[in-house]
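Me: I would like a close look at a single part of this model, with its surroundings taken in as far as they help. Please keep the answer connected.

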Amino acid sequence: QGAHGAAAPGRPLPGAVASAAEHEPSLAAATRSQKLEAKLRDALDRACFDCKVVRDKPGVYTFGPHARVSLDLNEDEEVVLVREDGVHEPISAFIRNLLAASIVESALESPL
């Protein structure tokens, strides 16, 4: 590197903006994550799911106090729960089961 901060041939200048090709994997991941979250919001709205859902890290979400799960998009770009055994479960089935469990839990906690 020269006295004026010039880069060696084939290397970018310090602080130079990386090319779009260098950012392509992260852009694809961000787009996939946005698509997953948009589809997840739609599924939650359709189910009238009113518990808080928090993204803990990319692909991992906490549903109220009930569950922490990994989500992904399947080959049809539908949101699926990825179980520890690798089996995919449609998000709609997971939400239904979570809502049913929550209703039962509330009924058991409520005095008669």
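Does Glu-77 count as buried, partly exposed or exposed, and what is its relative accessibility? Please start from there and work through the sheet to the core behind it.

Reply: The model is a predicted one. Glu-77 counts as partly exposed, because its relative accessibility is 35% and the range for that class lies between 20% and 50%. The residue is found in the loop between β3 (67-73) and β4 (79-82). Its phi is positive, about 60 degrees, although Glu-77 is not a glycine. The loop belongs to the hairpin of β3 and β4, which has five residues between the strands.

The two strands on either side of that turn pair in the antiparallel sense over four bridges. Within this pairing, Leu-71 stands opposite Leu-81 in β4. Leu-81 also leads on to the next strand, since its bridge partner in β5 is Glu-89. The pairing of β4 and β5 is again antiparallel, over three bridges. These strands form a hairpin as well, with five residues between them. Gly-86 in that turn has a positive phi of about 90 degrees.

On the other side of β3 lies β2, and these two strands pair in the antiparallel sense over four bridges. Here Tyr-61 has Val-69 in β3 as its bridge partner. Taken together, the strands make an open sheet of five, in the order β1-β2-β3-β4-β5, with antiparallel pairing. Its edges are β1 and β5 (88-90), each of which pairs on one side only. Neighbouring strands are turned against each other by 40 degrees on average, with direction ignored.

The sheet is part of a protein with two helices and five strands. Read from the N terminus, the elements run α-β-β-β-β-β-α.

Several of the sheet residues return in the nonpolar core. The largest nonpolar core has 17 residues. Those with the most contacts inside this core are Leu-40, Phe-63, Val-69, Leu-71, Ile-91, Phe-94 and Ile-95. At least two residues of the core come from each of α1, β2, β3, β4 and α2. Val-69 and Leu-71 thus appear twice in this account: Val-69 as the bridge partner of Tyr-61, Leu-71 opposite Leu-81, and both in the list of core residues with the most contacts.

Leu-40 shows how the parts meet. Leaving aside residues up to four places away in sequence, Leu-40 touches Val-53, Tyr-61, Phe-63, Leu-71, Val-79 and Ile-91.

The core list also includes Phe-63 and Phe-94, and these take part in the aromatic pairs. The structure holds two such pairs. In one of them, Phe-49 and Phe-63 are edge-to-face, at 5.9 Å centre to centre and with 75 degrees between the planes. Phe-49 lies in the loop between α1 (20-46) and β1 (53-57), while Phe-63 is in strand β2 (residues 60-63), so the pair ties together parts that are 14 residues apart in sequence. Phe-49 is buried, with a relative accessible area of 10%. For Phe-63, which is also buried, the value is 0%.

The other pair joins Phe-63 to Phe-94. Their ring centres are 5.1 Å apart and their planes stand at 80 degrees, so this pair is edge-to-face; the class calls for an angle over 60 degrees. It links distant parts of the chain, since Phe-63 is in strand β2 and Phe-94 in helix α2 (residues 91-109), 31 residues apart. Both Phe-63 and Phe-94 are buried. The three residues Phe-49, Phe-63 and Phe-94 form one aromatic cluster.

The loop that holds Phe-49 has a further point of interest for backbone geometry. Cys-48 is placed in the loop between α1 and β1. Its phi is positive, about 55 degrees, although Cys-48 is not a glycine. Cys-48 is exposed, because its relative accessible area is 62% and the class begins over 50%. Glu-77 likewise has a positive phi, about 60 degrees, but counts as partly exposed.

Some totals complete the picture. Buried residues make up 22% of the 112 residues in the protein. Among contacts between residues at least 6 apart in sequence, 33% join residues at least 24 apart. The protein exposes about 8,200 Å², and carbon and sulfur atoms supply 55% of that area.

How values were computed
Residues numbered from 1 in each chain as written. Predicted model: local features only at pLDDT ≥ 70, side-chain atom pairs only at ≥ 80, totals over all residues. Heavy atoms only, no water. Phe/Tyr/Trp six-rings, centres within 6.5 Å; stacked < 30°, edge-to-face > 60°. Buried < 20%, exposed > 50% of the residue type's maximum accessible area, 1.4 Å probe, protein only. Pairing = 2+ DSSP bridges. Axes fitted to C-alpha atoms, helices over the stretch in contact; angles between N-to-C directions. Core = buried A, V, L, I, M, F, W, Y, C linked by side-chain atoms within 4.5 Å. Contact = heavy atoms within 4.5 Å. Areas by Shrake-Rupley, 256 points an atom, 1.4 Å probe, with all protein chains shown as cover.
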